[in-house]
Amino acid sequence: MARKINLRHAVHVCAQRYRQYAQDKRDKEEFERRCKVLKLDIPWKDYLRARKQTGCGVREYFAFEFYNKDDALRDSFLTLKRHDVIAKKVGDVNLAITIPGNKVLFNMLFGEFLRRKWINPTAASPEAFVDFVRQQGEVLVKASIICSGQGIYKYRYTDEASARALYKDLYGGGYVVEEVLRQHPEMDRINPHVINTVRVATYTDADDVHILATALRTASVSREGHCVDNMKAGGLGCPVDAESGKIWAPAFNVRLERFDVHPVTGTAFVGFQLPMWDHVLATVRSIARKAYLLPQCHYLGSDVAFTPDAPAVIEGNWQQGCDIIEYGGQKGIYHELLRLSDKR
């Protein structure tokens, strides 16, 4: 029996080593490709050093500009590996069958913050659905368990037959259909063709909601039918000062290109004041507190839009990623989040 156990252990160790070898090979190829594109002369050993210290992947190494940072500054950044350790530590869960992973459940429980009408096609009759779409004229169609802005599109009502056909397509598929928000006129100066949103990262414990980072997102194009500002869908991110609500650095995209002005409107990013900022932070704190009390979510990224009258939550991101809140010259939030995670 002991020999069988030892043999299994040896096979397991060999398999682990091979997987690490294969991963290192892929990482090195990606590392060299990025160095070539960015015209950087960085030794591979520097990446390995950063990975050992922070658990960063190649993409994170370049996104956080670790090649320009010393060990102390690198250590301040939250990487995905560190993020997963903290999420496990505090017990946050992000699955499609839970509140955070399902837009239908989220809309039901956080309806007071939505500031828009919506309908679940699967829970509605064909007549109710057609009537909703007819009244709205134009609606957003969203898959309830898909993230990063994937699959979201606008539908314009033309006639009852086409609306019934849409209902048939969506029924039983896990979708929400929502009213299209009107945007605050100040945000139209950034990009009037999309609802621009701000991401506010928070950690909530029994006593307080802590604001960790804030960043604006906007689409970089104005083409017909493009209705999302997500960076993975070609959008831009802008670092925002959490106290004042002002953009303090140029925008950036996933390729880490910088933009002083919006490529569509020409509006300068640095110094732009987001409207109703105190109201935004108050709304985010209320959302975070409710998320903490319902599914006991500690670490949350709230995406908030600006309507003419009040902030409107678009969605809550349980176990949010590290990109929009740390890219573009923003500070690392790892040590602050690690400290806060000791209190639940």
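**Exercise 1. Which residue in strand 4 is the bridge partner of V141?**

Before we start, a note on the model: it is predicted, so local features need pLDDT of at least 70 and side-chain atom pairs count only at pLDDT 80 or more, while totals for chains, interfaces and linings use all residues. Residues are numbered from 1 along each chain as its sequence is written, and side-chain values use heavy atoms, leaving out hydrogens and water.

*Solution.*
- Step 1. Find strand 4 at residues 175-179. Strands (E, at least two residues) and helices (H or I, at least four) are DSSP runs, numbered from the N terminus.
- Step 2. Look across from V141: its bridge partner is V177. For K142, the partner in strand 4 is V176.
- Step 3. Strands 2 and 4 pair in the antiparallel sense over five bridges; pairing requires that DSSP finds at least two bridges between two strands.

**Exercise 2. Work out the order of the strands in this open sheet.**

*Solution.*
- Step 1. Strand 2 (residues 138-143) also pairs with strand 3 (residues 153-156), antiparallel, over four bridges. Here E138 stands opposite R156.
- Step 2. The four strands of the open sheet follow the order 1-4-2-3, with antiparallel pairing.
- Step 3. Strand 1 (118-119) and strand 3 each have a single partner strand, so one side of each is left without a neighbour in the sheet.
- Step 4. Now add a helix: helix 7 (residues 126-136) packs on the sheet and touches strands 1, 2, 3 and 4. Its direction makes about 35° with that of strand 4, using lines fitted to C-alpha atoms (for helices over the stretch in contact) and angles from 0 to 180 degrees between N-to-C directions.
- Step 5. Five of the six residues of strand 2 are buried, meaning under 20% relative accessible area with a 1.4 Å probe, protein chains only.

**Exercise 3. Check the span of helix 10, then find what covers its buried residues.**

*Solution.*
- Step 1. Helix 10 covers residues 277-293, which is 17 residues. The expected span is 1.5 Å times one less than the number of residues.
- Step 2. That gives 24 Å, and the end C-alpha atoms are 25 Å apart, which agrees.
- Step 3. Its buried residues include W277, V280, V284 and Y292.
- Step 4. Among the elements covering them are strand 5 (197-204), strand 6 (209-219) and strand 7 (235-240).

**Exercise 4. Which residues does F31 contact, leaving aside its neighbours within four places in sequence?**

*Solution.*
- Step 1. Contact means heavy atoms within 4.5 Å.
- Step 2. With those neighbours left aside, F31 is in contact with I42, P43, W44, Y47, V58, Y61 and F62.

How values were computed
Buried < 20%, exposed > 50% of the residue type's maximum accessible area, 1.4 Å probe, protein only.
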